[in-house]
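Here is a short tour for anyone who likes to look over a model before computing with it. Please have the sequence and the 3D view open side by side.

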Amino acid sequence: MGVPEKLAARMSMAEQHEYLRARFSRRTMIRGGAVTLGAVAGGAFVPGATAQAAVPTRQTAPAAQHVDGALVAPFGRHLAWGNDPRTEITVSWQVPVAVKKPFIRVGAHPWDLSRKIDAEVRTLYTPAGVGASGDHTQYYLHAKLTHLRPGKTYYYGVGHEGFDPAEPHLLGTVGTFTTAPAHKAPFTFTAFGDEGVGYHGLANNSLLLGQNPAFHLHAGDIAYADPAGAGKTADTGFDSRTWDSFLAQTESVAKQIPWMPAYGNHDMEAWYSPNGYGGEEARWTLPDNGPDKKNLPGVYSFVYGNTAVISLDANDVSFEIPANLGISGGTQTTWLEGQLKKFRAAKDVDFIVVFFHHCAYCTSTAHASEGGVRQEWVPLFEKYTVDLVINGHNHQYERTDVIKAGKVAKKLPIGGTAYPETDGVVYVTAGAAGRSLYAFSAPDSYEGHEHETDSVASFVNTKDGKVNETVTWSRVRYLNYSFLRVDVAPAPKGRQTTLTVSGIAETGDRIDHFTVSRKAK
């Protein structure tokens with residue numbers, strides 16, 4: 001049932017939406033700020049479902065005067081899964097100044113955004129004198145949607161008093177998202193680390209949508225507002241406004257593809273909170289199923305189809321950059337083992353993908369490998385036969401052979417197949433999303449330009465400093481901008497299910513590909 005034709009002729013689009021909302025008011029209940037969505041046409045929501053503001057964080061800005069909302073447009077939309085990607089997602093965005101009554105509209109069709117839901121505002125104040133920042137207040141808005149239908153596409157628009165995405169001239173601002181399916185089905189996701197703001201990041205983003213990913217993983221060092229990256233208030237060059245540029249740059253992807261970050265060393269912005277993550281908590285609403293939301297807000301997990309994904313905070317175990325070393329008191333590693341054990345036993349989970357910032361295995365001349373990761377987490381990856389580990393930190397592409405106990409358990413040439421149940425773990429450094437490139441000590445070797453090298457001189461960061469090592473596990477090296485595409489193909493129980501990993505250059509050329517295969521549950 002829509003708006004009667006005669007009535008619609010006299011109404012604006014926004015008024016029509018309000019009419020539809022009132023039409024269904026007998027089935028709309030408001031309790032404690034949550035709006036029931038079961039009445040939306042088309043069965044878009046589970047009956048009795050709610051959409052509500054995300055859990056509030058502490059306000060860090062002084063009260064601000066509001067301006068005419070008609071003069072202010074939202075920007076920087078970015079999505080993130082909730083704990084269950086089948087039914088939960090958070091829509092986040094930014095406004096340049098304070099606005100009144102921010103909201104999100106959501107529905108099953110672009111012409112029926114009749115559900116209008118209040119958004120939460122998180123303000124982040126940066127006083128003049130903090131790095132290069134001027135006296136600057138940022139306004140981040142969040143709306144968490146729950147009890148959605150699995151495998152369904154939704155339409156949404158974000159606004160505030162004076163700016164209603166339901167108005168005809170603003171319909172171009174309406175976005176979409178699609179929830180995870182209820183059952184196993186083929187899907188693709190993408191990943192990289194170390195993007196920052198600039199041409200190369202924008203170029204990589206322009207290719208991501210063409211991969212049609214279900215979600216995107218960002219393995220730390222997100223915007224580089226803190227270019228020093230030591231996680232200290234003594235860091236120079238910090239500029240909070242860099243985030244405005246970053247969220248605008250990534251919006252073309254993140255407004256419709258959940259953008260799931262792990263936190264790197266450049267994401268520890270020490271001016272906002274003791275652990276440096278106060279700014280991140282203002283900007284992102286991530287799954288809250290990690291071990292310690294106070295100290296480790298970027299640690300979480302989710303399951304999409306037959307694949308479990310775990311985000312870790314390697315700052316907690318980094319010997320190289322120790323600002324947050326030991327911040328979890330060991331709880332992150334304990335939680336990680338619990339997650340790995342749970343997912344490996346789960347009847348619907350075939351693959352486990354872990355992503356975080358500092359590299360377990362890399363031969364870059366800049367940061368190379370992180371001994372804290374090898375000490376704390378690598379034994380668990382091997383114990384529970386993790387299928388793929390994705391890192392950033394080093395600004396290049398490098399992929400290992402299959403590794404077990406620090407050695408090559410099986411050579412994995414380009415186009416080869418790894419069987420983690422018996423072979424070991426494959427590690428990929430995908431840190432060439434946009435920032436300036438580093439270097440290798442050995443020649444590049446990638447698809448179509450292979451250069452076999454028996455051993456590579458490198459080092460590992462330990463608690464006692466850098467320790468030189470000569471390694472034989474460096475299989476693919478590519479010193480230019482790139483990202484990962486991962487294609488997951490489920491299979492009937494007992495058959496081989498596959499995870500195909502491709503390195504894609506900024507040019508669109510494929511620089512690497514290999515397959516991870518195991519028996520489907």
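Is Asp194 buried or exposed? Asp194 is buried, at a relative accessible area of 0%, where buried means under 20% relative accessible area, exposed over 50% and partly exposed in between (1.4 Å probe, protein chains only).

A word on ground rules. This is a predicted model, in which local features need pLDDT of at least 70, side-chain atom pairs count only at pLDDT 80 or more, and totals for chains, interfaces and linings use all residues. Residues are numbered from 1 along each chain as its sequence is written, and side-chain values use heavy atoms, with hydrogens and water left out.

**Confidence**

The protein chain has an average pLDDT of 89, and 88% of the residues score at least 70; pLDDT is the predictor's confidence in each residue, from 0 to 100. Residues 1-9 fall below 50, and this stretch has 12 contacts beyond near neighbours in sequence, a contact being heavy atoms within 4.5 Å. Over residues 46-63 pLDDT also stays under 50, with 58 contacts beyond four places in sequence.

**Two positive phi angles**

Most residues other than glycine have a negative phi. Here are two with a positive value.

| Residue | Phi | Loop |
|---|---|---|
| His147 | near 55° | between β9 (136-145) and β10 (153-159) |
| Asp194 | near 65° | between β12 and α3 (199-208) |

Unlike buried Asp194, His147 is partly exposed, with a relative accessible area of 40%. Helices (H or I, at least four residues) and strands (E, at least two) are DSSP runs, numbered from the N terminus.

**The sheet**

β12 also belongs to an open sheet of seven strands with mixed pairing, in the order β14-β13-β12-β28-β29-β30-β23. Two strands pair if DSSP finds at least two bridges between them. At the edges, β14 (259-262) and β23 (417-418) each pair on one side only. Within the sheet, β12 (residues 187-192) runs antiparallel to β28 (residues 482-489) over five bridges, and Ala191 has Leu484 of β28 as its bridge partner.

**Helix α4**

How far apart are the end C-alpha atoms of α4? They are 17 Å apart, which agrees with the 18 Å expected for the 13 residues of α4 (residues 242-254); the expected span is 1.5 Å times one less than the number of residues. A kink of about 30° is centred on Ala248, the bend being the angle between axes fitted to the seven residues ending there and the seven starting there. Because 10 of its 13 residues are buried, α4 is largely enclosed by the rest of the structure; among the buried ones are Trp243, Phe246 and Glu251.
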